[in-house]
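Trainee: Please bring up the model, and let me quiz you on the terms people use for it.

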Amino acid sequence: MAQNHVQEGKKMNWTNGGAAAVVSGQAVVVGALVGVAAGDIAVGETGVLEVAEVRFLPKAAEAITQGAKLYWDANGNPVGGVAGSGCLTATATDNTYAGVAFAAAADTAATVDIKLNA
C-alpha cells in the first residue's frame with residue numbers, strides 16, 4: 001500500500017456545528033459532499049458520515065430513472081414528508097450533487113436508492 005494512504009474513503013468523521021442534532025440516516029451536506037449519518041450526532045459532537053455507500057433517502061415528487069444524477073435540495077419537499085425538510089431531486093440548479101440513482105423510483109415513491117457521491 002502506498003505510504004500516503006489515509007483510509008478507504010467510505011466514511012468520514014464530521015463535527016456537528018449546526019443548531020440541531022442529526023439523527024441516524026439523515027443526509028448531511030459538508031461543502032460539496034453529501035453524507036448520511038451512521039448514528040445520531042449531537043450538536044458539538046463528532047460522528048461518522050457514510051459518503052460512498054448505497055442508502056435510501058427521501059425524494060421529491062418526480063420519477064427517477066436508474067443511473068440518473070441526483071442532487072440534495074436542502075429546502076425540498078419530500079413525498080409524504082415535512083415540506084421544506086430536504087430531499088433528493090434530479091434538478092441540479094441550486095442543489096448539491098449527491099450521487100446516482102441505484103434503482104429507479106416512481107414519482108409517488110417516498111425514497112430512492114442512491115449510490116452516494118458516485
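Trainee: What makes strand 6 and strand 8 a pair?

Mentor: Two strands pair if DSSP finds at least two bridges between them. Strand 6 (residues 69–73) and strand 8 (residues 96–101) have 4 bridges, in the antiparallel sense, so they pass that test. One example is Lys-69, whose bridge partner in strand 8 is Val-100. Strands themselves are DSSP runs of E, at least two residues long, numbered from the N terminus. Keep in mind that this is a predicted model, where local features need pLDDT of at least 70 and side-chain atom pairs need 80 or more, while totals for chains, interfaces and linings use all residues. Residues are numbered from 1 along each chain as its sequence is written, and side-chain values use heavy atoms, leaving out hydrogens and water.

Trainee: How do you know that strand 8 also pairs with strand 9?

Mentor: Strand 8 and strand 9 (residues 111–116) run antiparallel and are joined by 3 bridges, so the minimum is met again. There, Gly-99 stands opposite Leu-116 in strand 9.

Trainee: Why are strand 1 and strand 2 called edge strands?

Mentor: They belong to an open sheet of 4 strands in the order 1-4-3-2, with antiparallel pairing. Strand 1 (11–15) and strand 2 (27–30) each pair on one side only. For strand 2, that side is strand 3 (residues 33–37), with 4 bridges running antiparallel. Ala-27, for instance, stands opposite Val-36 in strand 3.

Trainee: Why is Asn-16 called buried?

Mentor: Buried means under 20% relative accessible area, with exposed over 50% and partly exposed in between (1.4 Å probe, protein chains only). Asn-16 has 3%, so it counts as buried. You'll find Asn-16 in the loop between strand 1 and strand 2. Leaving aside residues up to four places away in sequence, Asn-16 touches Ala-21, Val-22, Ile-41, Ala-42, Val-43, Gly-44 and Glu-45; contact means heavy atoms within 4.5 Å.

Trainee: What makes the link from the side chain of Asn-16 to Gly-18 a polar contact?

Mentor: A polar contact is a pair of N or O atoms within 3.5 Å; within protein, one must be able to donate a hydrogen and the other to accept it, and residues adjacent in sequence count only if both atoms are side-chain atoms. A polar atom of the side chain of Asn-16 lies 2.9 Å from the backbone nitrogen of Gly-18, so the distance fits the limit. The Asn-16 side chain also reaches the backbone oxygen of Ala-20 at 3.0 Å, and that distance is within the limit too.
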